[in-house]
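Student: I'd like a close look at just one part of this model. Pick a spot with some charged side chains and walk me through what surrounds it, please.

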Amino acid sequence: MLKKMGEAVARVARKVNETVESGSDTLELHLEGNFLHRLPSEVSSLQHLKVIDLSRNRFQDFPEQLTTLPALETINLEENEIVDVPVEKLAAMPALRSINLRFNPLNAEVRVIAPPLIKFDMLMSPEGARAPPP
């Protein structure tokens, strides 16, 4: 089942890439609520992607290939299982305006280091906060 899900996500990523390359204004990828724990490598080729919604998935690690996307403005990773975030890489992203990390068990280091380094909105829940039931 996981293999089929990964293949489906890869097809979605390829489709988005084709759309971007064709000059369409569709610059968003919505993959929320799909039990994903990693992104397919094809996501790295989405150089014009502006918005990605990966909320309500199963990411334990921050998907670092997102930090290589120069046009990315908004990342939504709400309600995942992420503990650590590559703050320095995020701070170097030229277009990033907002990242939503609410309802993730972020470690204390991220909570302390991130605010002085970033120039964008970083949404975090209070430590120990739990997501509301579905």
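Tutor: Let's start with Lys50, which counts as partly exposed at 32% relative accessibility; here buried means under 20% relative accessible area, exposed means over 50%, and partly exposed is what falls in between (1.4 Å probe, protein chains only). Before going further, keep in mind that this is a predicted model, where local features need pLDDT of at least 70 and side-chain atom pairs count only at pLDDT 80 or more, while totals for chains, interfaces and linings use all residues. Residues are numbered from 1 along each chain as its sequence is written, and side-chain values use heavy atoms, with hydrogens and water left out.

Lys50 has a salt-bridge partner in Glu73, with 3.6 Å between the closest N and O atoms. Glu73 sits in the loop between β2 (51–53) and β3, and Lys50 in the loop between β1 (28–30) and β2, so the bridge ties together parts that are 23 residues apart in sequence. The term salt bridge means a side-chain nitrogen of Lys or Arg within 4 Å of a carboxyl oxygen of Asp or Glu. Unlike Lys50, which is partly exposed, Glu73 is buried, at 17% relative accessible area.

Four salt bridges turn up by that rule. Another one joins Lys89 to Glu64, at 2.6 Å from N to O. Lys89 belongs to helix α2 and Glu64 to the loop between β2 and β3, so this pair ties together parts 25 residues apart in sequence. Then there's Arg102, whose side chain meets that of Glu78 at 3.9 Å, N to O. Arg102 is in the loop between β4 and α3 while Glu78 is in the loop between β3 and α2, a link between distant parts of the chain, 24 residues apart. Back at our starting point, bridges with shared partners join Lys50, Glu73 and Arg97 into one network.

Now for what's next to Glu73. Ser98 touches Glu73, Thr74, Ile75, Phe120 and Asp121, leaving aside neighbours within four places in sequence; contact means heavy atoms within 4.5 Å. Ser98 is part of strand β4 (residues 98–100) and is buried, at 19% relative accessibility.

Strands β3 and β4 run parallel, joined by three bridges, and one of the pairings has Asn76 facing Asn100 in β4 as its bridge partner. Both strands belong to an open, parallel sheet of five, in the order β1-β2-β3-β4-β5. At its edges are β1 and β5 (121–123), each pairing on one side only. Strands here are DSSP runs (E, at least two residues), as are helices (H or I, at least four), numbered from the N terminus, and two strands pair if DSSP finds at least two bridges between them.

Ile75 takes us from this sheet into the nonpolar side of things. Beyond neighbours within four places, its contacts include Ile52, Phe62, Leu66, Leu90 and Ser98. The largest nonpolar core has 30 residues, and Ile75 is among those with the most contacts inside it, along with Leu66, Val85, Leu90 and Met122. Helices α2 (87–91) and α3 (108–117) each supply at least two residues of this core. Such a core is a set of buried Ala, Val, Leu, Ile, Met, Phe, Trp, Tyr and Cys residues joined through side-chain atoms within 4.5 Å.

As for confidence, strand β3 (residues 74–76) has the highest mean pLDDT of the chain's elements, 97, and helix α1 (residues 2–21) the lowest, 63; pLDDT is the predictor's confidence in each residue, from 0 to 100.
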